[in-house]
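Reader: I'd like to learn how to read helix packing and cysteines in a model. Could you take me through one?

Author: Happily; have a look at it first.

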Amino acid sequence: ECKMRAIPCPISKERFEDLYTKQYLTEKQINELLISEGIDSSMKRIGSWRLRYGIETVSKFDRLELPKIEGELRSILIGSMLGDGRIVFRTNASHYEERHAPNQKEYLEWKQEKWGVWSSGDLAVAMSREFPSYIFRTHAHPMLNEYRDLFYEERDKGWKVVKSDVIDQVDELALAMWYLDDGHAGHWPMICFGAKQGSRANAYLIFEKFGLAPNWTHKKGETGEFHFKGENAYRFIEIIKPHVPDCMSYKLDFGFQGRNNAIKKKMDKGILEDLRSKGWGKRRIARYLDVGASTVGRWMVKFGVE
């Protein structure tokens, strides 16, 4: 029997455990519940009764009942940490946060929806000069500590790094998140990159997994840009396109996919040989492929099609 100064515990151990460890009521809430039932209780008594029953303390992290970071959420986290994401260590736990300009608010809301109950609340608004930015944050939880350790040399400070342990954790969805965060759609796909301490070598190994070999353009210090050109660009788009949300589809609008590229795709040696074998002339082939006759002539010469 639980006693405090000869005052017996008014509820059974089973009910106390149910309220505290299954319903996740705090000691304050249990105290208020007992008072509402006409029981003479106090916060001090609640604490003593719990200890005398041998019921271990439930942490605030356990009360959150957050799902494990796995599957799609894990891929989004890994890709975002390669991009704009940040994990902040807070004594025993860490929280994730990400900031974007107003034109990408919808993208941040999409990510917030993917995080679900991990979200700590509405997007925060921060003013920088004249332009606001939106910030998404998760609850702090020890589950995020391992990801903090994965992307930083030290828990409490330092620039992001890409450790070798990250390589195997990057899948197609993570690659897409990395591009949407730090990539630009110019003539060719491009990703800005500035992680420290040998991270670029590991970034190359990530790309190599997907059969990609981007060019590197140095900018300043350890920062620069990965450029995907030619077949690398086609392969890159093929990989990320299924994972790009509608609100970010504009980042798939590359200059190399313009009319000249469309014409180049039509000039297939096999097609030209097949049409010529049927006795078609340049003009008829041109009308069929919706290109100029001179274009057909140039490619026939190039392919050696008589």
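Reader: In which hand, left or right, does H1 pass H3?

Author: Two points before we begin. This is a predicted model, where local features need pLDDT of at least 70, side-chain atom pairs count only at pLDDT 80 or more, and totals for chains, interfaces and linings use all residues. Residues are numbered from 1 along each chain as its sequence is written, and side-chain values use heavy atoms, leaving out hydrogens and water.

Now the hand: a crossing is left-handed if the near helix is turned anticlockwise from the far one by less than a right angle, and right-handed if clockwise. H1 passes H3 in a left-handed crossing. Helices here are DSSP runs (H or I, at least four residues), numbered from the N terminus.

Reader: At what angle do the axes of H1 and H3 cross?

Author: Axes are lines fitted to C-alpha atoms over the stretch in contact, and angles run from 0 to 180 degrees between N-to-C directions. For H1 (residues 13-22) and H3 (residues 43-53), the crossing is roughly 110°, and the axes come within 11 Å. Angles under 35 degrees count as roughly parallel, over 145 as roughly antiparallel, 65 to 115 as roughly perpendicular and the rest as oblique. H1 and H3 are therefore roughly perpendicular to each other. Lys 13, Phe 16 and Tyr 20 of H1 meet Ile 46, Trp 49, Arg 50 and Tyr 53 of H3, where contact means heavy atoms within 4.5 Å.

Reader: Which residues make the contact between H13 and H15?

Author: Start with the geometry: H13 (residues 269-277) and H15 (residues 293-303) pack at about 105°, with axes 10 Å apart. H13 and H15 are therefore roughly perpendicular to each other. H13 brings Lys 269, Leu 272 and Arg 276, while H15 brings Val 296, Trp 299, Met 300 and Phe 303. By class, that contact has five nonpolar, no polar and two charged residues. Here Ala, Val, Leu, Ile, Met, Phe, Trp, Tyr, Cys and Pro count as nonpolar, Asp, Glu, Lys and Arg as charged, and the others, Gly among them, as polar.

Reader: How many disulfides does the count come to?

Author: A disulfide is a pair of cysteine sulfur atoms within 2.5 Å, and by this rule the count is zero. The sulfur of Cys 192 is 19 Å from the closest cysteine sulfur, in Cys 247, too far for a bond.

Reader: Is Cys 192 buried, exposed or partly exposed?

Author: Buried means under 20% relative accessible area, exposed over 50%, and partly exposed in between (1.4 Å probe, protein chains only). Cys 192, at 26% relative accessibility, counts as partly exposed. By contrast, Gln 112 counts as buried at 17%.

Note on methods. Helices (H or I, at least four residues) and strands (E, at least two) are DSSP runs, numbered from the N terminus.
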